[in-house]
Amino acid sequence: MKFRAKMSEVFCMRTLSSIVSTISKLTKLCVLRLSKDYFYFIVLEESALPLRTSVWCMMQQAHFFNEYKLVGPPEDESEIYLELSPDLLASSLSSLRVNVSAAKTMKIKLTHKDTPRLTLEIELPTQTSQSRLCMHEVPVHVIPHRRWGDYAEPPTLDPDISIEMPNLKILRNITERLKKLHNYLNVVASSEGRLTLNVETSMASVSTHFRDLEVFKVNDTKPGPFITRVDVRKFSNFMTCEQVSPTRVICHMRDGASIHLRVEHSDMTLSFFLTGVDE
């Protein structure tokens, strides 16, 4: 079982670092799925039975890596599944975020000393003609083939409404304030292109309204508006993906049941699934 890859484009290094940083805000453990053409970051919802996906990030390896070589285990030589701490990986990539404009290359390889690890080698320039090599090791757990089915691509959601999300940086500032007021957030979307974020307490009801958003799909058999209550902290933490500078973000909502937030950016998609809650 072998994996080795090399990245040298500044844009790609910055994007990867931002994605891992976002995922580290959402979970303590994630799975890195490596295949011949794509690599994925996958998170299962904590304490959910049956198991279901909360984060699904799919990235085209040819767009991000200049070199990419993979040999999987004997059961399936085309894939490798690794469980790791996204926080540790984000910390290892922090030198990219500080020096990303100057970083020359980054190499990632699967190594095995006393335990399996992802070894990162980041080449940074110095004031002399020589380069400086920054190395990090992230412990990983190799997931056996029999458990791969737990990390299959989530089924397509048939939403009641699909609506454009407002600027995520603005949403992040708003939700940071709202989560201080209540544990739950009402997300309200209408076929007229309106999105409302609302929290209600015994003392007050606070709402923020957005208008003139593009509606991609709506269930004409339901009058709307469509309302789903979610955990405000999880919703707010997802807004950190604004650092990825997405092309667009779409909110797919099943009325009262679930929300699927889909981030689109170049050759990458990041999906976040939130289950509706009853207070």
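## A tour from fold to core

Colour the chain by secondary structure: six helices and 19 strands appear (DSSP runs numbered from the N terminus, H or I of at least four residues for helices, E of at least two for strands). The radius of gyration, taken over C-alpha atoms, is 20 Å, close to the 19 Å that the globule rule (2.2 Å times the number of residues to the power 0.38) gives for 279 residues, so the chain is as compact as a globular protein of that length.

This is a predicted model: local features need pLDDT of at least 70, side-chain atom pairs count only at pLDDT 80 or more, and totals for chains, interfaces and linings use all residues. Residues are numbered from 1 along each chain as its sequence is written, and side-chain values use heavy atoms, without hydrogens and water.

Show the C-alpha trace next. Along its principal axes it spans about 60 × 50 × 35 Å.

Now go inside. Of the 279 residues, 49% count as buried (under 20% relative accessible area, 1.4 Å probe, protein chains only).

Select Phe3, Phe39, Phe41, Leu118 and Phe235. They have the most contacts inside the largest nonpolar core, which has 72 residues. Such a core joins buried Ala, Val, Leu, Ile, Met, Phe, Trp, Tyr and Cys residues through side-chain atoms within 4.5 Å. Helix 1 (residues 10-24) gives this core its largest share, six residues.

Pick Val31, Tyr40, Leu44 and Ile143. They are among the ten residues of a second, separate core.

Finish on Leu118. Beyond its neighbours within four places in sequence, its contacts (heavy atoms within 4.5 Å) include Phe3, Leu32, Ile108, His136 and Val140.

Technical notes:
Buried < 20%, exposed > 50% of the residue type's maximum accessible area, 1.4 Å probe, protein only.
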